[in-house]
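Dear colleague,

I am passing on the structure we spoke about, with the sequence alongside. Please have both open while you read the notes that follow.

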Amino acid sequence: MVLYVISLVSIIIATIMLYQRWWRSNIPPGPKPRFLIGNLHQMKPHWTHSFIEWSKTYGPIISVWMGTQLIVVVSSSDLARQVLRDKDHQLSNRQRIARMTQSGNDLVWSDYSPHYVKLRKLCTLELFSLKSIENFRSLREMEVRSMVESILKDLMIDSSNDQTRKPLVVRKYVAKVVLNTISRLMIGKEFESEEGKEFKSIVEKEHLLSGSGTFFDHVWWLKWLSSWFISDKEFLAHKERRTKWFRGAIMEEEDVAVEDHNGFVRNLLVLKEKKELSEETVHGLIWNMLTAGSDTTAVVIEWAMAEMIKCPDVQEKAQQELDSVVGSERLMSESDIPKLHYLQCVVKEALRLHPSTPLMLPHKASETVWLGGYKVPKGATVYVHVKEIGRDPVNWRDPEEFRPERFLQEETDVKGRDFRVLPFGSGRRVCPAAQLSMNLMALVMGNLLQCFSWSSPVPGERIDMSENPGLLCSMKTPVQALASPRAATRVIPYNL
Ligand code: HEM
């Protein structure tokens, strides 16, 4: 009997080992992993820095082991094309990393399935089609005007208190205008100041609890260990807090008649009443749009402003264009964008150098596929390193320089058709809001430049261009700048 058990156990172990060996054969090259921890001990806080180093040694497709989870990172246009176009069908699932998104009932973290297709269609029709982008144009222009007003107000308060000019924290205005625009689009109103603060605080807490963007995301046994410290009680309390915020800020009161809600939320509630969408999906979709939309757009604008404070020539060129196309008798509007070629190039250049999500979002192989001659086994996570692709010297001259002119010379699509610059991804999971956010970025930047000249508070001082680690690439030190009002601000009444 003992002999029988020993041989059975040996056969099982041998089969597992053979399967593992087969599973790992022909996978892309990469740093040698250690037992159980994989390459965790070698990872820098900025994963992208480690990926760049390893790509120099092993090539544009590498394997990295996060504990026992295989991650494949590709960093060339050719391989990006294979992932996002040729093998899109097998690589469109999501690796669900954060704890709040485990069910995958929302849009961002859902696998590619009939449920996903239904949600994507709904969001595209309601929010991102050209018709609905056009319908909400005046709303974006109103928000941007109130951003200009609030900058002017702060400058006036400042100059009445003190003769020395104080620098402004650019992020404060940019983050507010983007969040307000998206919340007006979703629910037909801006958040009250307290609601906005609570939203930010919930998002931050969620990052902490889920460990999103950290090792916990990828390593099952670390996740399991972390659940000892982050108790279910804390997790449930957080969920309750989020639901309470939803009721207060979005649904107002659950019993308000559906007709009294506005925009996208109203349509979601109708579908919920018809039992076509669950409450979890409705909350998930609204949360997706608020979180995926606000920070991503705001960080690119902040990077662009920092680049233009660093390169005053670019700033002046954009202002000259605004002066000649729009003038100073009115504020720039979205209908001016097609004529503002240089401004459009500034937006593209900011997206090339500083894509908000340098690794996009994690894709997952639903079947074993071959990429660049290597095997990517079913279940592996796949990242496309879009930031590195946008800086690849094979594709770009002086890739580290902020030079919007490069896009004047050659018409380049940045919404997923040109694999040299992929800030929004490409293929089935491409960002559905690419056009909306391009319009919003051009409108916000255009108004900031038409109404003010921006300069460093200490002339000649280097701007800190370092990044925060994580899935979202924001500036580590919020950029501060002196804003000098230009002629166009005269259209804003001074009795603000
Ligand atoms: C500069 C602004 C933005 C950038 C750079 C950006 C970039 C991205 C990227 C790289 C992805 C993942 C693509 C992939 O994994 O293949 C994505 C997905 C997504 N984005 Fe954006 N995004 C931006 C703005 C927005 C806005 C304003 C919204 C909504 C209001 C939004 C909603 C979404 C959603 C819902 C997804 C998930 C799509 C899916 O999984 O099918 N994004 N975005």
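I begin with a pair of helices: helix 13, which covers residues 312–325, packs against helix 17 at an angle of about 90°, and the axes of the two are 9 Å apart. An angle from 65 to 115 degrees counts as roughly perpendicular, which means that helix 13 is described as roughly perpendicular to helix 17. On the side of helix 13 the residues that take part are Q315, A318, Q319 and L322, and they meet G446, L449 and Q450 in helix 17. Sorted by class, the residues of this contact comprise three nonpolar and four polar ones, with no charged residue among them. Please keep in mind throughout that this is a predicted model, and that the values I quote are computed from it.

A second pair of helices lies earlier in the chain, where helix 11 (residues 263–273) packs with helix 12 (residues 279–310) at an angle of about 165°, their axes being 10 Å apart. Because an angle over 145 degrees counts as roughly antiparallel, helix 11 is roughly antiparallel to helix 12, and the crossing of these two helices is right-handed. Helix 11 contributes V265, L268 and K272 to the contact, while helix 12 contributes E279, V282, L285 and I286. In this contact of helix 11 with helix 12, five residues are nonpolar and two are charged, and there are no polar ones.

You may also want to look at C431, which UniProt lists, in an unreviewed entry, under "binding site"; the annotation may be inferred rather than shown by experiment, and I would read it with that in mind. In the model, C431 is found in the loop between helix 16 (406–409) and helix 17 (434–451), the latter being the helix that also packs with helix 13. Is C431 buried or exposed? C431 has 22 C-beta neighbours inside 10 Å, and a residue with 20 or more is classed as buried, so C431 counts as buried. Leaving aside residues up to four places away in sequence, C431 touches F424 and G425.

As for the protein as a whole, its secondary structure comes to 17 helices and ten strands, and 39% of its 496 residues count as buried. If one takes the contacts between residues at least 6 apart in sequence, 74% of them join residues that are at least 24 apart.

With best regards

Definitions and conventions: Residues are numbered from 1 along each chain as its sequence is written. This is a predicted model: local features need pLDDT of at least 70, side-chain atom pairs count only at pLDDT 80 or more; totals for chains, interfaces and linings use all residues. Helices (H or I, at least four residues) and strands (E, at least two) are DSSP runs, numbered from the N terminus. A residue is buried if 20 or more other C-beta atoms lie within 10 Å of its own, exposed if 12 or fewer, and partly exposed in between; C-beta atoms are placed from the backbone. Two residues are in contact if their C-beta atoms, placed from the backbone, lie within 7 Å. Axes are lines fitted to C-alpha atoms, for helices over the stretch in contact, and angles run from 0 to 180 degrees between N-to-C directions. Angles under 35 degrees count as roughly parallel, over 145 as roughly antiparallel, 65 to 115 as roughly perpendicular and the rest as oblique. A crossing is left-handed if the near helix is turned anticlockwise from the far one by less than a right angle, and right-handed if clockwise. Ala, Val, Leu, Ile, Met, Phe, Trp, Tyr, Cys and Pro count as nonpolar, Asp, Glu, Lys and Arg as charged, and the others, Gly among them, as polar.
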